[in-house]
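Reader: I am new to this model. Please show me how to read its features.

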Amino acid sequence: MEPAIKILIYIHAFFGGIGLITGIGSIVVKKGGKLHKRMGKLFSVGMITSSLISIPVCWMPNHQNIFLFLIGLFTIYLVVAGNRALNFKTKTKADLTDYIISGSMLFFSVIMISIGIYCQLLHIANGILFTFFGGFGLYMTVKDFIFYKNVSEIKKEWLSKHIGKMIGALIASITAFIVAGIGLGNIIAWMTPSILGTLYIIYWNRKIAPKAVKLVEI
């Protein structure tokens with residue numbers, strides 16, 4: 001069984017590497033261009049494939065890890081929801097699939113937060129990571145449902161949602177590289193990419209926000 005697990009881990013790492021490279025590339029190139037879109041598709045395929053492989057591995061003998069299992073689900077949510085956000089450029093109503101995707105992540109976010117609180121009460125090492133990432137998931141999914149109820153009024157938020165989710169998935173890729181690739185598994189290594197990535201998302205949200213019209217007194 002172990003040789004098969006190692007092969008799956010190598011495949012998981014390979015597609016994760018594709019996601020990391022193309023994700024960084026999609027940030028560097030011109031936004032909205034052909035190269036950006038192509039890299040975005042490769043990024044999505046790489047991240048989803050890598051995450052899907054990691055999910056069963058997290059339940060295999062000697063590799064059980066509930067945290068990585070939940071992070072894998074979180075990453076899939078980010079990529080899928082980030083791509084579906086593009087649909088709101090033209091559609092004015094969320095469908096059942098949108099609600100299922102966000103609702104599922106909301107459920108798992110609550111589980112992550114609950115596990116985090118439990119671990120912290122028992123002083124279990126790194127338990128705060130469950131609360132940290134679960135909090136991010138809860139915030140994003142609640143924002144999803146607010147958006148779904150007011151799509152026609154805040155339709156222009158589709159771009160902000162796309163950027164936020166896709167950068168969030170890239171953060172997951174960078175974090176995985178730091179923790180698994182380099183071998184830094186402390187709390188700082190886990191949290192720093194998310195904090196820096198959040199600042200980058202805030203920067204882009206401000207950049208794409210409609211400019212206020214200044215009234216000039218005559």
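Author: Here is a short walk through the core, one threonine and a surface patch. The model is predicted, so to speak, by program: local features need pLDDT of at least 70, side-chain atom pairs count only at pLDDT 80 or more, and totals for chains, interfaces and linings use all residues. Residues are numbered from 1 along each chain as its sequence is written, and side-chain values use heavy atoms, without hydrogens and water.Reader: Which residues touch the most other members of the largest nonpolar core?

Author: A nonpolar core is a set of buried Ala, Val, Leu, Ile, Met, Phe, Trp, Tyr and Cys residues joined through side-chain atoms within 4.5 Å. Buried means under 20% relative accessible area, exposed over 50%, partly exposed in between (1.4 Å probe, protein chains only). Here the largest core has 29 residues, and F67, F74, Y77 and F133 touch the most other members. Helix 3 gives the most, eleven residues; helices are DSSP runs of H or I, at least four residues, numbered from the N terminus.

Reader: What does F74 touch?

Author: Contact means heavy atoms within 4.5 Å. Leaving out residues up to four places away in sequence, F74 touches M105, F133, F136, G137 and M140.

Reader: Is T175 buried or exposed?

Author: T175 is buried, because its relative accessibility is 3%. This residue lies in helix 6. Beyond its neighbours within four places in sequence, T175 contacts A189, W190 and P193. A polar atom of the T175 side chain lies 2.7 Å from the backbone oxygen of I171.

Reader: Where is I117, and how exposed?

Author: I117 sits in helix 4. At 44% relative accessible area, I117 is partly exposed.

Technical notes:
Residues are numbered from 1 along each chain as its sequence is written. Side-chain values use heavy atoms; hydrogens and water are left out. Helices (H or I, at least four residues) and strands (E, at least two) are DSSP runs, numbered from the N terminus. A polar contact is a pair of N or O atoms within 3.5 Å; within protein, one must be able to donate a hydrogen and the other to accept it, and residues adjacent in sequence count only if both atoms are side-chain atoms.
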